[in-house]
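Colleague: I would like to learn how to read a structure like this one, feature by feature. Where should we begin?

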Amino acid sequence: MPTLTITSPDGRTPPRSVALEPGATVTVGRAPDSGVVLNDSKVSRAHLRLAWRDGACWAEDVGSTFGTLRNGAKLAAPARLAAGDRLRLGA
């Protein structure tokens, strides 16, 4: 099963993993009701959505203030994720 591994840029917070179950949608943001809550002032309350479609996981920035990067490039439209892709949001 694919997983999302969350790391902090300073390395002080231990990495954590979230399973991305086929068919599920996971929201990422600062809001307490997000599936993955990130306590970072540069992360929007509703920042990113990870959703299964066509047998793959897709990432979509949902109108965040500071944007989302996928492998260093701005995520301007929903993108099909591949193993090893890196998403960056927040500080």
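Modeller: With burial. A residue counts as buried when its relative accessible area is under 20%, as exposed when it is over 50%, and as partly exposed in between. Keep in mind that this is a predicted model.

Colleague: Is Ala 31 buried or exposed by that rule?

Modeller: Ala 31 has 7% relative accessibility, so it counts as buried. Its place is the loop between β3 and β4. Ser 34 lies in that loop too, between β3 (25-29) and β4 (36-37). Ser 34 is at 11% relative accessibility and therefore counts as buried.

Colleague: Which residues does Ala 31 contact, leaving aside its neighbours within four places in sequence?

Modeller: Val 37 and Arg 45. With the same kind of neighbours left out, Ser 34 touches Thr 27, Val 28, Gly 29 and Arg 45. Arg 45 thus appears in the list for Ala 31 and in the list for Ser 34.

Colleague: How far apart in space are Ala 31 and Val 43?

Modeller: They are 9.5 Å apart, C-alpha to C-alpha, with their positions 12 residues apart in sequence. Set beside that a second pair: Val 62 and Gly 72 are 10 residues apart in sequence and 18 Å apart in space, C-alpha to C-alpha.

Colleague: Where is Val 62 found?

Modeller: In the loop between β6 and β7. Val 62 has a relative accessible area of 30%, so it is partly exposed. Beyond four places in sequence, Val 62 is in contact with Ala 46, His 47, Leu 48 and Arg 49.

Colleague: Now polar contacts. What makes a pair of atoms count?

Modeller: The pair must be N or O atoms within 3.5 Å, and within protein one must be able to donate a hydrogen and the other to accept it. Thr 68 offers two cases. Its side chain makes a polar contact of 2.6 Å with the side chain of Asp 61, and another of 3.2 Å joins the side chains of Thr 68 and His 47.

Colleague: Is Thr 68 buried or exposed?

Modeller: Thr 68 counts as buried, because its relative accessibility is 1%. Thr 68 is found in the loop between β6 (56-61) and β7 (69-70). Apart from residues up to four places away in sequence, Thr 68 touches His 47, Leu 48, Asp 61, Ala 73, Lys 74, Leu 75, Leu 87, Arg 88 and Leu 89.

Colleague: What does the side chain of Arg 70 make a polar contact with?

Modeller: With the side chain of Asp 85, at 3.1 Å. Arg 70 is in strand β7 and, at 25% relative accessibility, counts as partly exposed. Outside the four nearest places in sequence on either side, Arg 70 touches Leu 75, Ala 79, Arg 80, Leu 81, Asp 85, Arg 86 and Leu 87. The C-alpha atoms of Arg 70 and Arg 45 are separated by 19 Å, and the two residues are 25 apart along the chain.

Colleague: And backbone angles? What is the general expectation for phi?

Modeller: Most residues other than glycine have a negative phi. Here, Asp 54 has a positive value, near 55°. Asn 71 also has a positive phi, near 50°.

Colleague: Where are Asp 54 and Asn 71 found?

Modeller: Asp 54 is in the loop between β5 (48-53) and β6, and Asn 71 is in the loop between β7 and β8 (73-74). Asp 54 is at 62% relative accessibility and so counts as exposed. Asn 71 has 44%, so it is partly exposed.

Colleague: Let us finish with the whole chain. How many helices and strands does the protein chain have?

Modeller: It has 0 helices and 10 strands. For overall form, compare the radius of gyration with what a compact globule would have. With 91 residues that would be near 12 Å, and the protein chain has 12 Å, so the two agree. The C-alpha atoms fill a box of roughly 35 × 25 × 25 Å along the principal axes.

Colleague: What share of the residues of the protein chain count as buried?

Modeller: Of its 91 residues, 30% do. The protein chain exposes about 5,900 Å², and carbon and sulfur atoms supply 50% of it. As for charge, the mean positions of the 12 positive and 8 negative charges are 5 Å apart.

Methods. Residues are numbered from 1 along each chain as its sequence is written. This is a predicted model: local features need pLDDT of at least 70, side-chain atom pairs count only at pLDDT 80 or more; totals for chains, interfaces and linings use all residues. Side-chain values use heavy atoms; hydrogens and water are left out. Helices (H or I, at least four residues) and strands (E, at least two) are DSSP runs, numbered from the N terminus. Buried means under 20% relative accessible area, exposed over 50%, partly exposed in between (1.4 Å probe, protein chains only). Contact means heavy atoms within 4.5 Å. The radius of gyration is taken over C-alpha atoms; the globule rule is 2.2 Å times the number of residues to the power 0.38. Accessible areas come from the Shrake-Rupley method with a 1.4 Å probe; for residues, only the protein chains shown count as cover. Lys and Arg count as positive and Asp and Glu as negative; His and the chain ends are not counted. The place of a charge is taken as NZ of Lys, CZ of Arg, CG of Asp or CD of Glu.
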